[in-house]
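Here's a quick walk through two spots worth a look on screen. Have the viewer open as you read.

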Amino acid sequence: MGRRYVVFFEPALANLDAMGNHMATRLENQITDFLDAWRPEAAFAKSLQSYLWQFKWSPRNGSGARAFSGYFAGDEHNIALVLVTFKKNNEDKFNLQQKAFNSRAKSLNRKLDSKSPSDIGTWLEDQRNNSDRKVLDETDI
């Protein structure tokens, strides 16, 4: 098992910013659990489609927030590819778009799968240097 990373893409970042501090922090904490979970897959709430996974934060009153993510499991890299974040009350709208998010996750997974470990490292650095992305690794928790 390799090093773990979380890559946030747009609109995930903008949607997190719009949620408000408490909800955004709680959801981001659920997502960053990926970085130190016993098994990377254990950090996800569930698998939605062949390439699409869900993170979720749900307080007791039934509200909360969700994130759709791809997941790349390589020999030297395990990467959560966070595509979108949203409030639970918008879940129906985003569930209707699952097929498109699954396609995006599949495309990213195939792109990473075709790269060597060193090329994936370069790709991660490129994402880290992109202002529309946020990249975290185990050193960020």
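## A buried arginine without a partner

Arginine 4 is buried (under 20% relative accessible area with a 1.4 Å probe, protein chains only), yet no salt bridge (a side-chain nitrogen of Lys or Arg within 4 Å of a carboxyl oxygen of Asp or Glu) goes with it. The nearest side chain of opposite charge belongs to glutamate 138, 5.2 Å away. This is a predicted model, where local features need pLDDT of at least 70 and side-chain atom pairs count only at pLDDT 80 or more, while totals for chains, interfaces and linings use all residues. Side-chain values use heavy atoms, with hydrogens and water left out, and residues are numbered from 1 along each chain as its sequence is written.

So what does the arginine 4 side chain have a polar atom next to? The backbone oxygen of alanine 37 sits 2.5 Å from one, and the backbone oxygen of phenylalanine 34 lies 3.1 Å from a polar atom of that side chain. Arginine 4 also touches (heavy atoms within 4.5 Å) Trp38, Asn78 and Leu136, among others.

## Helix 4 and its buried side

Helix 4 (a DSSP run of H or I, at least four residues) covers residues 98-113. Its buried residues include Phe101, Ala105, Leu108 and Leu112. They span an arc of only 125° around the axis (going by directions from the axis to the C-beta atoms), which puts them on the same side of helix 4.

That buried set packs against strand 4, strand 5, helix 3 and helix 5. Turned away from it are Lys99, Ala100 and Arg110, which are exposed (over 50%).

Notes: Helix = DSSP H or I, 4+ residues; strand = E, 2+ residues; numbered from the N terminus. Expected span 1.5 Å × (residues − 1). Lys, Arg positive; Asp, Glu negative; His and termini not counted. Polar contact = N/O pair within 3.5 Å; in protein donor to acceptor, adjacent residues only side chain to side chain. Lists of a residue's contacts leave out its neighbours within four places in sequence.
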